[in-house]
Amino acid sequence: MKLFKTLPGIILLAFLIACGGDKSADKTTEKPANPGGLTDFEMENGIGPIKEKMQMGEIDAEAAKKGEATFTVKCALCHKLDERFIGPSQRYTADRRTPEYILNMILNPDEMTKSHPTGQKMLAEYKTPMTNMNLTVDEAKEVLEYLRLIAKEGHEKNIPAVPIYQNEQ
Ligand code: HEC
């Protein structure tokens, strides 16, 4: 009777809720240990001047263009898009990390590699500490738009991701 009609519905609903729950973890493929006692916010979004979640809209093409120019001058010394170099390839950074994490890494790399478990792991992997290039917050946000743009382009053109850790896929 009624039960037989609703039961499959309930099961389906439970299934959808369970699957939906996983989505929130999309940005952090790694779940590092937290021996430093960082806040949940810091674990997900890094340590630095960005202390609150930001509202992210569509990619701002004009800002991305300025970000690309900054990237060429200040970041390409150590980063390529689709190859490992002094630092990790940048094609899919925007998929791998939250926007706030990326800004904090750009603006505060010393503390990030010293005190954040993911930053520590990256430093252990790349051996060279990332230099603070003294970008303003606005310049860093423009670079972030550029990183979002190249990730989007990468997906559109099926550009393969380069593993960021040598011994991991
Ligand atoms: C002196 C070389 C150097 C320069 C210059 C440099 N980086 Fe880095 N970057 C690194 C290294 C090496 C790492 C890995 C962490 C470490 O070893 O400090 C890194 C890590 C990062 C990460 C973290 C990636 C991840 O997946 O966690 C981001 C984002 C990043 N760099 C962006 C930038 C941007 C944007 C610039 C320019 C403003 C820049 N870097 C300039 C060497 C550099």
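**Exercise 1. Identify the elements against which the buried residues of helix 5 pack, and describe how far helix 5 is covered.**

Solution.
Step 1. The buried residues of helix 5 pack against helix 2 (40-45), helix 4, helix 6, helix 7 and helix 8. The model under study is a predicted one.
Step 2. Helix 5 is mostly covered, since nine of its nine residues are buried.
Step 3. These buried residues are Pro99, Glu100, Tyr101, Ile102, Leu103, Asn104, Met105, Ile106 and Leu107.

**Exercise 2. State the helix and strand content of the chain, and give the share of its residues that is buried.**

Solution.
Step 1. The chain contains eight helices and zero strands.
Step 2. Along the sequence, the pattern reads α-α-α-α-α-α-α-α.
Step 3. The chain has 169 residues, of which 27% count as buried.
Step 4. Among the contacts with a separation of 6 or more, 75% are between residues 24 or more positions apart.

**Exercise 3. Determine whether Pro99 is buried or exposed, and list the residues that Pro99 touches.**

Solution.
Step 1. Pro99 belongs to helix 5.
Step 2. A residue is buried if 20 or more other C-beta atoms lie within 10 Å of its own. Pro99 has 20 C-beta neighbours inside 10 Å and therefore counts as buried.
Step 3. When residues up to four places away in sequence are not counted, Pro99 touches Met54, Met56 and Leu144.
Step 4. Pro99 and Leu144 are 45 residues apart in sequence, while their C-alpha atoms are 7.0 Å apart in space.

**Exercise 4. Describe the packing of helix 5 with helix 8 by angle, distance and handedness, and name the residues that meet.**

Solution.
Step 1. Two packed helices are described by the angle between their axes and the distance between the axes.
Step 2. Helix 5 and helix 8 (residues 137-156) pack at an angle of about 130 degrees, and their axes are 10 Å apart. This angle makes helix 5 oblique to helix 8.
Step 3. The crossing of the two helices is right-handed.
Step 4. From helix 5, the residues Pro99, Ile102, Leu103, Ile106 and Leu107 take part; they meet Val137, Ala140, Lys141, Val143, Leu144 and Leu147 of helix 8.
Step 5. By class, the residues of this contact are ten nonpolar, no polar and one charged.

**Exercise 5. Carry out the corresponding analysis for helix 3 and helix 8.**

Solution.
Step 1. The axes of helix 3 (residues 61-74) and helix 8 come within 7 Å and cross at roughly 100 degrees.
Step 2. Angles of 65 to 115 degrees count as roughly perpendicular. Helix 3 and helix 8 are therefore roughly perpendicular to each other.
Step 3. On the side of helix 3, the contact involves Ala63, Ala64, Lys66, Gly67, Glu68, Thr70 and Phe71; on the side of helix 8, it involves Glu139, Lys141, Glu142, Val143, Leu144, Glu145, Tyr146 and Leu149.
Step 4. The residues of this contact divide into seven nonpolar, two polar and six charged.

**Exercise 6. Describe the surroundings of the ligand by residue, element and class.**

Solution.
Step 1. The ligand is surrounded by 27 residues, and the closest are Cys75, Cys78, Gly87, Met122 and Met130.
Step 2. Helix 4 (93-96), helix 5 (99-107), helix 6 (109-115) and helix 7 (117-126) are the elements that give two or more residues to this shell.
Step 3. By class, the shell has 18 nonpolar, six polar and three charged residues.

**Exercise 7. Locate His79, and state its exposure and its contacts.**

Solution.
Step 1. His79 lies in the loop between helix 3 and helix 4.
Step 2. With 19 other C-beta atoms within 10 Å, His79 is partly exposed.
Step 3. Apart from its neighbours within four places in sequence, His79 is in contact with Phe85, Gly87 and Gln90.
Step 4. His79 and Arg91 are twelve residues apart in sequence, and their C-alpha atoms are 9.8 Å apart in space.

**Exercise 8. Examine the phi angles of Lys127 and Asn158, and state where each residue lies.**

Solution.
Step 1. Most residues other than glycine have a negative phi.
Step 2. Lys127 has a positive phi, near 65 degrees, and is not a glycine. Lys127 lies in the loop between helix 7 and helix 8, and counts as exposed because it has 7 C-beta neighbours inside 10 Å.
Step 3. Asn158, which is not a glycine, has a positive phi of about 55 degrees. Asn158 is placed in the segment after helix 8, and counts as exposed with 6 C-beta neighbours inside 10 Å.

How values were computed
Residues numbered from 1 in each chain as written. Predicted model: local features only at pLDDT ≥ 70, side-chain atom pairs only at ≥ 80, totals over all residues. Near = placed C-beta within 6 Å. Helix = DSSP H or I, 4+ residues; strand = E, 2+ residues; numbered from the N terminus. Nonpolar A, V, L, I, M, F, W, Y, C, P; charged D, E, K, R; others polar. Axes fitted to C-alpha atoms, helices over the stretch in contact; angles between N-to-C directions. Parallel < 35°, antiparallel > 145°, perpendicular 65-115°, else oblique. Left-handed = near helix turned anticlockwise from the far one by under 90°. Contact = placed C-beta atoms within 7 Å. Buried ≥ 20, exposed ≤ 12 C-beta atoms within 10 Å, placed from the backbone.
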